[in-house]
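Please work through the exercises below with the sequence and the coordinates at hand. Each task is followed by a solution in steps.

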Amino acid sequence: MKYIDEFRDGDLARGLAAAIAREARAGRSYNLMEFCGGHTHAISRYGLKDLLPPNVNMIHGPGCPVCVLPIGRIDNAIELAARPGLVLCTYADTMRVPASKGLSLLKAKARGADVRMVYSSADAIRIAQENPDRDVVFFAIGFETTTPPTAVAILQARSLGLANFSVFCNHVLTPSAIANILESKEVREIGTVPLDGFIGPAHVSTVIGSQPYEYFAEEYRRPVVIAGFEPLDVMQAILMLVRQLNDGRAEVENEFTRAVVRDGNAKAKALVAEVFELRRSFEWRGLGEVPYSALRIKEAYRAFDAEVRYGIAYRSVPDNKACECGAILRGVKKPADCKVFGTVCTPENPIGSCMVSSEGACAAHYTYGRFKDVPVVVETHT
Amino acid sequence: MSNVREDYVRPVDFRHGRVDMTHGGGGRAMAQLVEELFLRTFDNEWLRQANDQAAFAVPAGRMVMATDSHVVSPLFFPGGDIGCLSVHGTINDVAMSGARPLYLAAGFVLEEGFPLAELKRIVESMAAASREAGVPVVTGDTKVVERGKGDGVFITTTGVGVVPEGVAISGDRACPGDRILVSGTIGDHGVAIMSLRENLTFETTIRSDTAALHGLVAAMVAAVPGIHCLRDPTRGGLATTLNELARQSGCGMVIAEAKIPVDPQVAAACEFLGLDPLYVANEGKLVAICAAEAAAGLLAAMRAHPLGRGAAIIGEVIADPHHFVQMETSFGGRRVVDWLTGEQLPRIC
């Protein structure tokens, strides 16, 4: 596959691994957080940890869209879906996120709610057009990557005069989450969570550009390297971070030059600015209430705002006490540190949201890496 | 004197007609559908006897029996349809014991309102598949459910076969050191189906690999009678089949990503849908496990058969009390190839 295979070349990876091992200085450690679930997935799926020296540690960040969605928001969506005649459309992984009372959207569907999995916001528009006598709500989630398509859907609905379509907006913002982690007491009180640098988001940065990270690099003295989601991108970014740390630099560098420019995608940003505005505060799973970290639909488009139309009231619901998703999302704990990991909480029966999406730290470790927790003798001849 | 012919029955309207409740009601309409469609299309000596059961002599040896229900959506897809799929699926389940499939039974659940033209197309496809495979449908049943209580047509087929002397193939026989083979590219069927699902139509020339594998199995058994395990990686794909065999045999496995055959189009489609070809369904492929010293001979026998041309040795069985299936990634790392969780869902971003 063109443009894919080039970034999965095993020989190049070993070359990069050798360079990282050569340049990483003995006597110090390099604690790097990959913000995005896409990076977490690539690290686990390609076994990248095996290629890194022991003093380069990867910390999984909170950049998994379904992982950071609080229970209360899923409860809201389930209540919406239970309304007679209403069709709720959403992206696939969202359907499995555990909510209150042992429910999830998937279980609500089995009980008769009309919940449909869509690949794009345009599919939700089509469903609304095909079902003029039914209310269709698009349960919109995700970071800056999925926000412009939701803006387009709302603008389309307006130009089509689709009175039966609305959006339950739960879009969140990457920079505020990074700031929240850097401001957290675990990171500030030196020694609790060592955090030396960030692998910056890939797809998110195609929209917002690399400029928004400059503040973190400067203010918090932490280098950021924006990287693509292919395994070679991640390896290259780690090497770039090691070099910055060795040089005592804290800059924003862009490894993902084939898709990201400093100012991002002007058209997409304009669409988002037209339709959305900042929320004063939004609850994140793991991070709690984070000020100015999410978007809501502007007054001018309130006709398409499901929160207004159905009078959705948000109630915060605490996570299961045994679940460590919060600490894992902040990088304070690793999946295997959680008592319920792999016992009560499995991908088949997730207790916490990190076990839901393949981008979640727990699901990625369970699916691809858990064999490393137990000794296995392997001798092969093929 | 009346001009009306005594036994005159208006023929079933296979152009514009639709299934209605009378087609399952046990009356004349049902008898007529059975006669004009099922008996005529599947025509063979057992059906001609018009009994509620088929009687046949049992050959000497160990008999095997398998059943499989088919609920595929859409009913027609590139490379096949629910009809031929329902024949191939059961033949393959029987054949994975090393058996020669002999007879099939077919049960239809039809939804009220289903176009008879489509039903005819499906039944003709089944008959063609059964004829090509040399495995006749010798008995059957039809039921009709009210509109909204089915999805067009569901087909359950059951097959019986006989295992040749000296063949003992079973999912619990994999031993450390054994080699693991696949008969060709994986994921073709699942991607062909996905390409037609209403919310993700995309253009592709990928066709379902649906095929009856008993001919390939016969050639393999002739070359290596001591094959340990055979299984067709249908739902859940190669990953699920390997996990099943590892658990059943109480061992682990290591496969090499670079050796697993995947069509570039399937790989590309999986890439943009966020799927892993290891978990995508196949309907005309098999996994074989045999002793290391027999592997080269088995591979040659597979490659000599049209349905095994793309066969490859992809890994080996190891001792592992945790029964993990591991994969050496083409990247140099190693990871678990786990059971499928729920249905394979695409990733968001």
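The exercises treat helix packing, sheet architecture and one residue environment in a predicted model.

**Exercise 1.** Describe how helix α1 of chain A packs against helix α11 of chain A.

*Solution.* Step 1: take the axes. Helix α1(A), residues 10–23, and helix α11(A), residues 231–247, have axes that come within 10 Å and cross at roughly 15 degrees. Step 2: classify the angle. Angles under 35 degrees count as roughly parallel, and α1(A) is therefore roughly parallel to α11(A). Step 3: assign the hand. The crossing of α1(A) with α11(A) is left-handed. Step 4: list the contacts. From α1(A), the residues Leu12(A), Ala13(A), Leu16(A), Ala17(A), Ala19(A), Ile20(A) and Glu23(A) take part. Their counterparts in α11(A) include Pro231(A), Leu232(A), Met235(A), Ile238(A) and Arg243(A). Step 5: sort by character. The residues of this contact comprise twelve nonpolar, two polar and two charged.

**Exercise 2.** Carry out the analysis for helices α1 and α4 of chain B.

*Solution.* Step 1: the axes of α1(B), residues 28–42, and α4(B), residues 116–133, come within 9 Å, with a crossing angle of roughly 20 degrees. Step 2: this pair, α1(B) and α4(B), is therefore roughly parallel. Step 3: the crossing of α1(B) and α4(B) is right-handed. Step 4: Leu37(B), Phe38(B), Thr41(B) and Phe42(B) of α1(B) meet Lys120(B), Val123(B), Glu124(B) and Ala127(B) of α4(B). Step 5: by character, the contact of α1(B) with α4(B) divides into five nonpolar, one polar and two charged residues.

**Exercise 3.** Which strands stand at the edges of the four-stranded sheet of chain B, and which helix packs on that sheet?

*Solution.* Step 1: write the strand order. The open sheet runs β1-β6-β4-β5 in chain B, with mixed pairing. Step 2: find the edges. β1(B), residues 62–70, and β5(B), residues 137–145, each have a single partner strand, so one side of each lacks a neighbour in the sheet. Step 3: state the twist, which averages 15 degrees from one strand to the next. Step 4: examine one pair. Strands β4(B), residues 100–111, and β6(B), residues 153–163, run antiparallel and are joined by ten bridges. Val109(B) stands opposite Phe154(B) in β6(B). Step 5: add the helix. Helix α3(B), residues 82–95, packs on the sheet and touches β1, β4 and β6 of chain B. The direction of α3(B) makes about 30 degrees with that of β6(B).

**Exercise 4.** Describe the seven-stranded sheet of chain B.

*Solution.* Step 1: this open sheet has the order β8-β10-β7-β11-β9-β12-β13, and its pairing is mixed. Step 2: β8(B), residues 229–231, and β13(B), residues 334–336, stand at the edges with a single partner strand each, so one side of each is left without a neighbour in the sheet. Step 3: neighbouring strands are turned by 25 degrees against each other on average, direction ignored. Step 4: β12(B), residues 325–328, pairs with β13(B) in the antiparallel sense over three bridges, and Gln326(B) stands opposite Val336(B) in β13(B). Step 5: helix α9(B), residues 295–303, lies across β7, β10 and β11 of chain B and runs at about 5 degrees to β7(B).

**Exercise 5.** Is Tyr220(A) buried, exposed or partly exposed?

*Solution.* Step 1: Tyr220(A) lies in helix α10(A), residues 214–220. Step 2: 18 other C-beta atoms lie within 10 Å of Tyr220(A). Step 3: a buried residue needs 20 or more, and an exposed one has 12 or fewer; Tyr220(A) is therefore partly exposed. Step 4: Tyr220(A) and Ala179(A) are 41 residues apart in sequence and 9.1 Å apart in space, C-alpha to C-alpha.

Key:
Residues numbered from 1 in each chain as written. Chains lettered and ligands numbered in written order. Predicted model: local features only at pLDDT ≥ 70, side-chain atom pairs only at ≥ 80, totals over all residues. Axes fitted to C-alpha atoms, helices over the stretch in contact; angles between N-to-C directions. Helix = DSSP H or I, 4+ residues; strand = E, 2+ residues; numbered from the N terminus. Parallel < 35°, antiparallel > 145°, perpendicular 65-115°, else oblique. Left-handed = near helix turned anticlockwise from the far one by under 90°. Contact = placed C-beta atoms within 7 Å. Nonpolar A, V, L, I, M, F, W, Y, C, P; charged D, E, K, R; others polar. Pairing = 2+ DSSP bridges.
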